[in-house]
Amino acid sequence: YGQCLFDGLGAKQDKGKGIEWITKAAANNDESALVFLGKRYIEGKDEQMNVKKGFEMLMKAAEKGNIIAMDAVGSCY
């Protein structure tokens, strides 16, 4: 739902509400949400840049076996 709101897919685009829902999902260790927010923190998009926080989120997802997160962590190194 958060991704749909953020991108405006099947719902009126509302990036703020989308980030809220994605943040809730990340707090529950949802891999996709961790990857989405982790990348945004590292790139500084729609959030203040926070490389450490972004890396930690990506690492959590990578440890759960998320291939996209593994690739992103590798790129960080």
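A nonpolar core is a set of buried Ala, Val, Leu, Ile, Met, Phe, Trp, Tyr and Cys residues joined through side-chain atoms within 4.5 Å. The model on your screen is a predicted one, and this tour starts from its largest such core.

**Stop 1: the core.** Select Ile22, Ala26, Phe36, Leu37 and Met57. Of the 17 residues in the largest nonpolar core, these five touch the most other members. Now colour helices H2 (15-27), H3 (31-43), H4 (51-63) and H5 (67-76), the elements that each give two or more residues to this core. The top contributor is H3, with six residues.

**Stop 2: Ala26.** Zoom in on this alanine. Leaving aside residues up to four places away in sequence, Ala26 touches Ala33, Leu34, Leu37 and Met57.

**Stop 3: H2 against H3.** Show both helices. Their axes lie 8 Å apart, at an angle of about 120 degrees, and the crossing is left-handed. On the H2 side, pick Ile19, Ile22, Thr23, Ala25 and Ala26; they meet Ala33, Leu34, Phe36, Leu37 and Arg40 in H3. Eight residues of this contact are nonpolar, one is polar and one is charged.

**Stop 4: H3 against H4.** How are these two helices packed? The angle is about 155 degrees and the axes are 7 Å apart, which makes H3 roughly antiparallel to H4. The crossing of H3 and H4 is left-handed. Select Glu31, Leu34, Val35, Leu37, Gly38, Lys39, Tyr41 and Ile42 in H3, then their partners Val51, Lys53, Gly54, Phe55, Met57, Leu58, Lys60 and Ala61 in H4. Coloured by class, the contact of H3 with H4 shows 10 nonpolar, two polar and four charged residues.

Definitions and conventions. Residues are numbered from 1 along each chain as its sequence is written. This is a predicted model: local features need pLDDT of at least 70, side-chain atom pairs count only at pLDDT 80 or more; totals for chains, interfaces and linings use all residues. Side-chain values use heavy atoms; hydrogens and water are left out. Buried means under 20% relative accessible area, exposed over 50%, partly exposed in between (1.4 Å probe, protein chains only). Helices (H or I, at least four residues) and strands (E, at least two) are DSSP runs, numbered from the N terminus. Contact means heavy atoms within 4.5 Å. Axes are lines fitted to C-alpha atoms, for helices over the stretch in contact, and angles run from 0 to 180 degrees between N-to-C directions. Angles under 35 degrees count as roughly parallel, over 145 as roughly antiparallel, 65 to 115 as roughly perpendicular and the rest as oblique. A crossing is left-handed if the near helix is turned anticlockwise from the far one by less than a right angle, and right-handed if clockwise. Ala, Val, Leu, Ile, Met, Phe, Trp, Tyr, Cys and Pro count as nonpolar, Asp, Glu, Lys and Arg as charged, and the others, Gly among them, as polar.
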